[in-house]
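User: I am new to this structure and would like to understand the terms used to describe it. Please explain each conclusion as we go.

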Amino acid sequence: MKNLQSGITVDETEKVISGTLKYVTGYTGFSGDTELQSGNFLALKVTAPEGASRTTVTLLNGSGRVVDLDEDMNVVLRIADKDTQKVKFVSYVGAQQVSTTYSLTGLTCQTE
């Protein structure tokens, strides 16, 4: 994923994701829709809480679509506005939901 980003860190205390998102074009790994193949993309490897049966991710102030993560626990998000968008993870552990939301204000988004 080094062609998408560099220096990505997740601050669990402040709940902020930081680093640099490179501007890429023609990224077919995100979408078959050519309008969605350019921009800044954030790739993350998610670690779910022990015992989680399911984990979802939602880009708030983005598509709003809830995505179920599969067993590889990788997610790629297209970031349009790092100052207003947030990433929300929800893991289901037994009857409980464990939810964490991260700010993207620590990201630097390169432009064309």
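Analyst: We begin with residue classes. Ala, Val, Leu, Ile, Met, Phe, Trp, Tyr, Cys and Pro count as nonpolar, Asp, Glu, Lys and Arg as charged, and the others, with Gly among them, as polar. By these classes, the lining of the second largest pocket holds 10 nonpolar, 4 polar and 2 charged residues. The model under discussion is a predicted one.

User: What makes a residue part of the lining of the second largest pocket, and which residues lie nearest its centre?

Analyst: A lining residue has an atom within 4 Å of a point of the pocket. For the second largest pocket, 16 residues form the lining, and E12, V46, T47, F89 and Y102 are those nearest the centre. Glu belongs to the charged class, so E12 is a charged residue of this lining. The space in this pocket amounts to about 310 Å³. Strands β4, β8 (86–93) and β9 (96–109) each contribute at least two of its lining residues.

User: How is the lining of the largest pocket divided by class?

Analyst: That lining has 13 nonpolar, 8 polar and 3 charged residues. The largest pocket contains about 550 Å³ of space. Among the 24 residues of its lining, F30, V75, V76, L77 and R78 come closest to the centre. Arg counts as charged, so R78 belongs to the charged class.

User: Which strands supply at least two residues each to the lining of the largest pocket, and which gives the largest share?

Analyst: At least two lining residues come from each of β4 (39–45), β5 (52–60) and β7 (74–79). The largest share belongs to β7, with 5 residues.

User: What is the secondary structure of the protein?

Analyst: The protein has 0 helices and 9 strands. Along the sequence, the pattern reads β-β-β-β-β-β-β-β-β. The radius of gyration is 14 Å, close to the 13 Å that the globule rule gives for 112 residues, so the protein is as compact as a globular protein of that length. Along the principal axes, the C-alpha atoms fill a box of roughly 45 × 30 × 25 Å.

User: Why are β5 and β8 said to pair?

Analyst: Two strands pair if at least two bridges are found between them. β5 and β8 are joined over 8 bridges, in the antiparallel sense, so the condition is met. Within this pairing, A52 stands opposite V93 in β8, and T55 has S91 as its bridge partner.

User: How many bridges join β5 to β6, and what lies between these strands?

Analyst: The antiparallel strands β5 and β6 (residues 66–68) are joined by 3 bridges, so they also reach the required at least two. T56 stands opposite D68 in β6. The two strands form a hairpin with 5 residues between them, and N61 in the turn has a positive phi of about 60°.

User: How do β8 and β9 pair, and which residue in their hairpin takes a positive phi?

Analyst: β8 and β9 are antiparallel and share 8 bridges. The bridge partner of K88 in β9 is T101. Their hairpin has 2 residues between the strands, and G94 takes a positive phi near 60°.

User: What makes β3 and β7 edge strands?

Analyst: An open sheet of 3 strands is arranged in the order β3-β4-β7, with antiparallel pairing. β3 (23–24) and β7 each pair on one side only, and they are the edge strands. Between β4 and β7 there are 6 bridges in the antiparallel sense, with K45 opposite N74 in β7.

User: Why is V24 called buried?

Analyst: Buried means under 20% relative accessible area. V24 has a relative accessible area of 13%, so it is buried. V24 lies in strand β3. Beyond residues up to four places away in sequence, V24 touches N3, L4, Q37, S38, G39 and F41. In the protein, buried residues make up 32% of the 112 residues.

User: What share of the contacts between residues at least 6 apart in sequence joins residues at least 24 apart?

Analyst: The share is 53%. A contact requires heavy atoms within 4.5 Å. Separation in sequence can also be set beside distance in space: V24 and A48 are 24 residues apart in sequence and 29 Å apart in space, C-alpha to C-alpha.

Terms used
Residues numbered from 1 in each chain as written. Predicted model: local features only at pLDDT ≥ 70, side-chain atom pairs only at ≥ 80, totals over all residues. Heavy atoms only, no water. 1 Å grid on protein atoms, 1.4 Å probe; cavity = no way out; pocket = protein on both sides within 12 Å on 5 of 7 lines; lining within 4 Å. Points joined across faces, edges and corners; volume = space filled by probe spheres on them. Helix = DSSP H or I, 4+ residues; strand = E, 2+ residues; numbered from the N terminus. Rg over C-alpha atoms; globule rule 2.2 N^0.38 Å. Buried < 20%, exposed > 50% of the residue type's maximum accessible area, 1.4 Å probe, protein only.
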